[in-house]
Every structure is written in structure tokens, then in C-alpha cells.
Amino acid sequence: MGQCYNLIMKKFSIPFNKPSITNKEKKYVLQALYSNKLCGDGAFTKKVNNLFKEKFNVNNFLLTTSCSSALDMSAILLDLKKGDEVILPSYTFVSTANAVVLRGATPVFCDVEKDTMNINANLIEGLITSKTKAIYVVHYAGVVCDMDKIMAIAKKHNIYVVEDAAQAVGSYYKGKAAGTIGDMGCYSFHETKNYAMGEGGALIVNNPKFLERAEIIREKGTNRSQFLRGQIDKYTWQDAGSSFLPSEILAALLLAQLERFDEIMAKRLNIWHTYHTQLKKLEDKGLIELEKEPVNGSTLNAHMFYVLAKDIEERTQLISYLKSKNISTAFHYVPLHSAPFAKRILKEMPDLPVTDSYSARLLRLPMFADLTNKEVEYVINSIYEFYKENR
Ligand SMILES: Cc1ncc(COP(=O)(O)O)c(C=O)c1O
């Protein structure tokens, strides 16, 4: 029986991520292909906009080619320039910092909280100077940062807040959708995100003062959006901009994913809770730490499920063990302040103890909507085997 079980288990090959594609995605993409309109801002993009408005109360939603380009747009809109400082976590994807650095501004890295890996709101005020222009927060793992505290600090010091909500599509903070709380929010619809269009994202413009210019920057610096709405009779060069809008083919793919929002969310949450409850015994025995359920008013969108090993050596061993069982896992960001480029641009190294120690221990387990119960069980059993514990 044991041997038979092993043979069955050997058949598993579990990727870290796999986009969920059904006949709906295929049908919409084909419709887009034959719609005689392949460029951006056609019927599928409009449907995506309406869906965000109606389902999530997200207004002023501009579909972009990626979250990176939405972040770039936000930095252009804030007029970030040399001499400005922007506070952000070091524990983030390069795009958050690139947006700042590409405008010539200086990133000021803040440490994160142990329980969420989100920016530690209590440390922000200590980093504010007369040069601080904005705070870029990152909702790690889809858990929204302490936005009440952050918005109060920003208001007090008259600085802007941009939410990097790349991972937080479908999460809420005290009833508000992630990305709708700061002056602007940025979403990702990259293949690795909960709702995917291959490469794609969105800029959400919450501060009305940025809206008109945001549309112009997205349309190569022209007022073409106003022209398409019939508000003007020709469109012209108005500002420095670029091409930030994605094709209708990708918008069609995204629409199909969003129409399956509830199904995809339910499946991911089910996997998240299975990992959480079934690995709890290892946490109780002090062998591992588990990602926590949010307690600050944020909901969970099950973007990822991560565990924290004892140290980097144990994490490396766990990765190899799971790889030997055909399970792909992934660690996450190498903190930006420790990266070669940061060493070139930072005048002094920040002291970020939580970022340094926790990033080295964090390991993400396979998480995607089509992961089966049997596969989740296999991952959990394999982790128990690694720690030589019975379930
Ligand atoms: C926090 C964060 N910001 C931005 C991005 C960039 O997203 P995109 O690939 O859509 O440009 C990512 C990608 O993983 C991310 O995790």
C-alpha cells in the first residue's frame, strides 16, 4: 500500500503557479481577434472598467500594460524629480522603486512589520524630511497596509500616497477596495496574479486633480481619450506621455478572468485555509511560522501562502526537498537596499532588521486556482515529511 501511494505521488509535478484558462477566456480572446479592433480602449476594456466600477466600486480605472507602467505613470503625475524623496519598503518588487528612480527622485527605504511584511507605519514619520514628496506602500500578499495610520501621516505632512496594490486585486480595507484609498493605486494582471491577462495592470486615480493628465499621459501625451468621447474635434500633443494602454486581446482575456472572480477567489481562499489549518501543528510545535490572517481591517485575497523557515539554510533545504518531490516553491524579493543598484545610488545603507531576517526565511507554496485538493495534500504531506513529523 505504502509503495502504491508513493508511485501515485511520484506522478505529481506541481508548478508554483498556473493561470486558470477555461472556454470563456478562449471565447473572449477569439471574439477580440475578430472584432476588427485590436488596439486598446475598445469594448472589452470598457467592460473591464464597468466591472471594476460595479463590483468593487473602483472608479477612474485606467487599464495599463503592466503594474510597472501604472507605477511609472503615478510617478510622472506626482512630478517626482531630482531632490525629492519617496518613502517605500525595501521588501518589494523592483518596479515600485524604479518608478521613483526613473524620475530622478531618491528612494528612502522603510522596514516592514513581522506579521504582514507590509511597511511599518510606525516607522514612516521618522523618515519624513522637508524633501519627502510621497509614500509608496505595497500591500504584500494582498493584505492591505495600515492605511488609516498612513493616510493620517500623509495628511499631516502634506505628502502623497500611492498604493502598489499589484497583489491586492479583490482585497478590501475597512470596506474600501485596495488601491482606492491613496491618491493613486496600481494593480497587476501579470500571469502570476490572481486575475491574469499575461502582462497588464491598471492605474486607479483617486485624487481627481490627477485624472485629466493621467488619461493624457496614458495616450502618448495626447487628449485622444477626450476626442474618442466626442468632447473635442481633434486630438493633439498636450504633455510628455507614452503608450500605456494594452490591446483589446488582453482586455478580453482579463474580462473572462474577472467574470470568474468569485469562483477563482473561492478556490484560492480554500487552498489558503487548507494550508493554514493543516500546517498549524508544525507552527504549534515551533518548527515553522505561517502567514497570518490579517487583523487590521484588511480582507484576504489568497494571493499567496507563505511559510517562514527557521533561517535561510533551512529554507534552502526545504526548497530542495520539495523540489525532489516535484513541488515548485518560490522565495520572494531580495530586499532592494541590498541589491547592487541600490549600493550605487544610496548615500548610506538603511538599517532594516525585519526586512533582512524575514525575507531570508520566507517561502511561498504553490498557489493557483486549479491546484487540486490532492495536490495541496501532497504539498502538506511533503512539508511534514521534511520536518519528520506525523500529521
Ligand atoms: C509589489 C509589486 N509591484 C509591482 C509589480 C510589477 O507588476 P507587473 O509585472 O504587472 O509590472 C509586482 C510584480 O510582481 C509586484 O509584486
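**Ligand site and salt bridges**

In the predicted model, a polar side-chain atom of Ser-188 is placed 2.7 Å from an oxygen atom of the ligand. A nitrogen atom of the ligand lies 2.7 Å from a polar side-chain atom of Asp-164. The side chain of Tyr-333 contributes a further approach, with one of its N or O atoms 2.8 Å from an oxygen atom of the ligand. Of the 390 Å² that the ligand exposes when taken alone, the protein buries 92%.

The ligand occupies the largest pocket, where it is surrounded by 16 residues. Ser-188, Asp-164 and Tyr-333 are among the closest of these, together with Ser-68 and Lys-193. Classified by residue type, the shell around the ligand comprises eight polar, six nonpolar and two charged residues. Helix H4, which spans residues 67-77, gives the most to this shell, supplying three residues.

Beyond the ligand site, charged side chains were also examined. Side chains of opposite charge can pair when their charged atoms come close. The structure holds 23 salt bridges, one of which is formed between Asp-84 and Lys-133. In this pair, the closest N and O atoms are 3.6 Å apart. Asp-84 is located in the loop between H4 and strand S2 (85-89), whereas Lys-133 belongs to strand S4 (residues 132-138), so the salt bridge ties together parts that are 49 residues apart in sequence. Helix H4 thus appears in both descriptions: it gives three residues to the shell around the ligand, and the loop between H4 and strand S2 holds Asp-84.

Terms used
Residues are numbered from 1 along each chain as its sequence is written. This is a predicted model: local features need pLDDT of at least 70, side-chain atom pairs count only at pLDDT 80 or more; totals for chains, interfaces and linings use all residues. Side-chain values use heavy atoms; hydrogens and water are left out. A residue is near a molecule or strand if one of its heavy atoms lies within 4 Å of it. A polar contact is a pair of N or O atoms within 3.5 Å; within protein, one must be able to donate a hydrogen and the other to accept it, and residues adjacent in sequence count only if both atoms are side-chain atoms. Accessible areas come from the Shrake-Rupley method with a 1.4 Å probe; for residues, only the protein chains shown count as cover. On a 1 Å grid over the protein atoms alone, a cavity is a set of points where a 1.4 Å probe fits but cannot get out, and a pocket is an open set with protein on both sides within 12 Å along at least five of seven lines; lining residues have an atom within 4 Å of a point. A molecule sits in a cavity or pocket if more than half of its atoms lie within 2 Å of its grid points. Helices (H or I, at least four residues) and strands (E, at least two) are DSSP runs, numbered from the N terminus. Ala, Val, Leu, Ile, Met, Phe, Trp, Tyr, Cys and Pro count as nonpolar, Asp, Glu, Lys and Arg as charged, and the others, Gly among them, as polar. A salt bridge is a side-chain nitrogen of Lys or Arg within 4 Å of a carboxyl oxygen of Asp or Glu.
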